[in-house]
Amino acid sequence: MSGGPYQSWGRIDFGPQSGVRFDDRTSALPQIEAGQTMLPYGNGRSYGDSCLNTGGVLIDCRHLDRFIAFDADSGVLRCEAGVLLADILDVVVPRGWFLPVSPGTRLVTVGGAIANDIHGKNHHRAGTFGSHLRSFELLRSDGARLFCAPQENRDYFHATIGGLGLTGMVTWAELQLKPIANAYIDQEIIRFHNLTEFFRLSEASDDGFEYTVAWIDCLAKDVSLGRGLFMRGNHATEIARGEPKTPRDGLSVPFAPPLSLINQVSLRAFNALYFRKQREDEAAAQVHYRPFFYPLDAIGDWNRMYGPKGFFQYQCVLPLAEGDAGMTEILRKIAAAGMGSFLAVLKIFGDRPSPGLMSFPRPGVTLALDFPNTGDKVRGLLDQLDAITGACGGAVYPAKDARMSPQMFRQAFPRLEEFAKWTDPAFSSSFWRRVNGANSQDNS
Amino acid sequence: MENIVIFGAYSAIAEATARHLAPSGGRFFLVGRDSAKLDQVAADLKVRGAQEVHIFASDLAVPSEMLASVEALYGAFDKVDVALLAHGTLPDQQACQGDAAQTLAALEVNGLSHIGLLTLLAERLEQQGSGTIAVITSVAGDRGRKSNYVYGTAKRAVSTFLDGLRHRLAATDVKVIDIRPGFVDTPMTADFDKGALWASPDKVGGDIARAIEKGRPVVYSPWFWRYIMVIIRNVPAFVFHKTNL
Ligand SMILES: Cc1cc2nc3c(=O)[nH]c(=O)nc-3n(C[C@H](O)[C@H](O)[C@H](O)COP(=O)(O)OP(=O)(O)OC[C@H]3O[C@@H](n4cnc5c(N)ncnc54)[C@H](O)[C@@H]3O)c2cc1C
Ligand SMILES: NC(=O)c1ccc[n+]([C@@H]2O[C@H](COP(=O)([O-])OP(=O)(O)OC[C@H]3O[C@@H](n4cnc5c(N)ncnc54)[C@H](OP(=O)(O)O)[C@@H]3O)[C@@H](O)[C@H]2O)c1
């Protein structure tokens, strides 16, 4: 046992976890007792229970963090599955390369990025992380090491991408990076006053901008419903001013305060201020890639702000046809409840197909936001949001989920049965048991 | 470009240190027991910026192999700018107490092998007139304690040897650095319960890289251990002997 205690990012208690350090990609999987299960654990940046395995064993991949090869001419990188995206950036950005897809934090592992087939602000152009994978090795509990690629062991390739760690352990992966001229982003921020304006801005920006995303004020009601700031950007071709400087991460939240610091008062004040953070309706600037992609990484352990009970994140995607009406209904429910939090994020997914059988991204509009854990109150609200999402034919993101019902899961992931054929019999997770209606051994 | 040799190169702390050094593009010579693991570290350091990485498999507790590693080193490099000695084991104190052979074996791998390597390296660096010798000892050498005094003895012997070398080489540009980590979360300490005093290998590796750059003689890592050890060294025996440290 080592390295614990293991939590997920939402810090909700799913019972004690035990882990085994896995730091040599050539070694065997840990021995487990008959009837027990194991699950790879990346960097615990999933919010709910998909990276946890109450009653079983976590295979702790955080020290499986060696690079294997990098070709600075072609931008092909091979590394172990526990390497953080942050480490990749540190190594490749100075040599003119960038991650093909990047989530809102750089503190996730390559294995985690594969298992949730993560998406970024460029989904409308680049698709998911899995779309840029050339190959990986999958270690199964029977000891088999499968070389998986689009043309080899294809079933395992497509099942493992977005496969929630259930098909076996990815030991290393090879990905195709994308070239950049420098570490900067030319960014524009545009204020919008309602959802219709958001959709219009999005459509107008998709062709000209590699990255698009919007922050919305989830407390705004009535005519202001869906107001927010639209951010779009491209990799800078030239540095506008002076010597580039690398921003430093500063603050961190040293311990969880006894109460959540996120409440109606702080939230309302923040949102109102944030909406007006720039005087003009439009502002352009050149910024370093870090504040552009990873604003939250500048505050270490910010998840502690929600206090000891932790928090939920809700992320859903609705098909575009239902997008405006469905999102309006969802935002109304959230605003009426006065819940929700600082960073509600809205983005249009493009139609590049996700390679994973179980990938979450699909064409449509996606919303992600946090909710303090107020127990039944928030669970009730989230169930209502699920009902809307379900009625629209949408899906909820397992990486963020701690509570969706088995019905919701089955409806959102129609290839579930096909996927189940490729799971490893010795692998399971708290999430997996929950969405299969068998969570009696997990007590939350 | 610097020539850097690391003994015990895939120790968690040494590897973390090497990752701090690699981006400056040095040439590395890595020594350890298992060549497959050395290969893995070598590939990693190359991606992180190392110009060139040699590996040499050697059981440093076997004097002939220890000597062979230094010979191989000078086969690859004509000059060494940085030597880091990081290999070691955490002996089972209880088992050593009843078994002289185990105690001596623990002193061999944690003390004598270092003293052997240092003897050879010091000669070379003295002739060269420059370079840095850095050795990971431990706070455990600062005062003998019942829970680990065999380990502490070996570490203390190495520290004393380093004191002497530093004295001897004071007139040259050779720097002799004694690194004394506190509790570090590595495979060596996998079975311990971890608390607030524990540091990551990355933190300690960063401290070591900085100590090498600055040439500081004795470095505690993290820094607060210097003060903890002042207290521990000064607790009177009649109190100390009542503790379970
Ligand atoms: C601030 C923040 C912003 C985020 N923004 C985004 C975003 O923009 N887009 C997005 O898609 N996600 C986003 N996420 C979610 C995050 O990217 C995913 O949850 C990601 O999977 C976390 O990776 P991890 O390394 O922490 O893995 P963990 O959370 O520890 O594990 C995630 C899954 O990966 C599996 N896994 C881990 N390692 C391996 C391996 N070696 N082999 C097989 N399976 C493995 C685990 O079993 C688990 O199922 C964000 C999270 C945070 C905290
Ligand atoms: N961890 C701590 O809390 C702590 C505190 C103070 C000081 N230190 C010191 O820090 C140094 C690094 O240790 P670590 O914590 O990084 O632990 P580690 O990862 O276990 O490293 C120890 C290394 O020494 C190697 N080694 C052992 N016997 C060897 C031999 N006969 N020949 C060659 N190599 C041998 C091991 O290789 P194999 O795997 O092949 O055996 C291993 O790579 C050690 O000197 C240790 O005493 C550690």
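Colleague: Into how many nonpolar, polar and charged residues does the shell around ligand 1 divide?
Modeller: Keep in mind that this is a predicted model. There are 34 residues around ligand 1, with P40(A), R45(A), S46(A), T109(A) and Y397(A) coming nearest. Sorted by class, the shell comes out as 18 nonpolar, 14 polar and 2 charged.

Colleague: Which elements of chain A each supply at least two residues of that shell around ligand 1?
Modeller: Two strands and a helix fit the bill here. The helix covers 110-115, and one of the strands, β9, spans residues 169-176. The names you want are β2, α2 and β9 of chain A.

Colleague: Which residue puts an N or O atom of its side chain 2.7 Å from an oxygen atom of ligand 1?
Modeller: Let's go through some polar contacts. N43(A) uses a backbone N or O atom, 3.0 Å from a ligand 1 oxygen, and H119(A) also uses a backbone N or O atom, this time 2.8 Å from a nitrogen of the ligand. The side-chain contact at 2.7 Å belongs to Y397(A).

Colleague: And what percentage of the accessible area of ligand 1 does the protein cover?
Modeller: Start from ligand 1 on its own, which has 960 Å² of accessible area. With the protein in place, the covered part of that is 96%.

Colleague: Over to ligand 2: which residue has a side-chain N or O atom 2.7 Å from a nitrogen atom of the ligand?
Modeller: S11(B) has a side-chain N or O atom 3.1 Å from an oxygen of ligand 2. K155(B) brings a polar side-chain atom to 2.9 Å, again from a ligand oxygen. The contact to a ligand nitrogen is made by the side chain of D59(B).

Colleague: How much of ligand 2 does the protein bury?
Modeller: Taken alone, ligand 2 exposes 880 Å². The shell has 27 residues, and Y10(B), R33(B), D59(B), Y151(B) and T186(B) come nearest. Of the area exposed by the lone ligand, the protein buries 89%.

Colleague: Which helices of chain B each supply at least two residues of the shell around ligand 2?
Modeller: By class, that shell holds 14 nonpolar, 10 polar and 3 charged residues. The helices span 12-21 and 149-168. They are α1 and α6 of chain B.

Colleague: Now the sheets. Which strands are at the edges of the open 3-stranded sheet in chain A?
Modeller: The order is β1-β3-β2, with parallel pairing. Within it, 4 bridges join β1(A) to β3(A), and S18(A) has V57(A) as its bridge partner. The edge strands pair on one side only, and they are β1 (18-21) and β2 (38-41) of chain A.

Colleague: Why is one side of β14 and of β18 left without a neighbour in the 8-stranded sheet?
Modeller: This open sheet is antiparallel and runs β14-β11-β13-β12-β16-β17-β15-β18 in chain A. β14 (282-288) and β18 (395-396) stand at its edges, so one side of each stays without a neighbour, because each has a single partner strand.

Colleague: Which residue stands opposite R191(A) in β13(A)?
Modeller: β11 (184-192) and β13 (228-235) of chain A run antiparallel and are joined by 8 bridges. Across from R191(A) you find L229(A).

Colleague: Last one: which residue meets R134(A) in a salt bridge?
Modeller: Over all chains, the search turns up 37 salt bridges. This one has an N to O distance of 2.8 Å and links β7 to β9 of chain A, with the two residues 40 apart in the chain. The partner of R134(A) is E174(A).

Conventions:
Residues numbered from 1 in each chain as written. Chains lettered and ligands numbered in written order. Predicted model: local features only at pLDDT ≥ 70, side-chain atom pairs only at ≥ 80, totals over all residues. Heavy atoms only, no water. Near = heavy atom within 4 Å. Polar contact = N/O pair within 3.5 Å; in protein donor to acceptor, adjacent residues only side chain to side chain. Areas by Shrake-Rupley, 256 points an atom, 1.4 Å probe, with all protein chains shown as cover. Nonpolar A, V, L, I, M, F, W, Y, C, P; charged D, E, K, R; others polar. Pairing = 2+ DSSP bridges. Salt bridge = Lys/Arg side-chain N within 4 Å of Asp/Glu carboxyl O.
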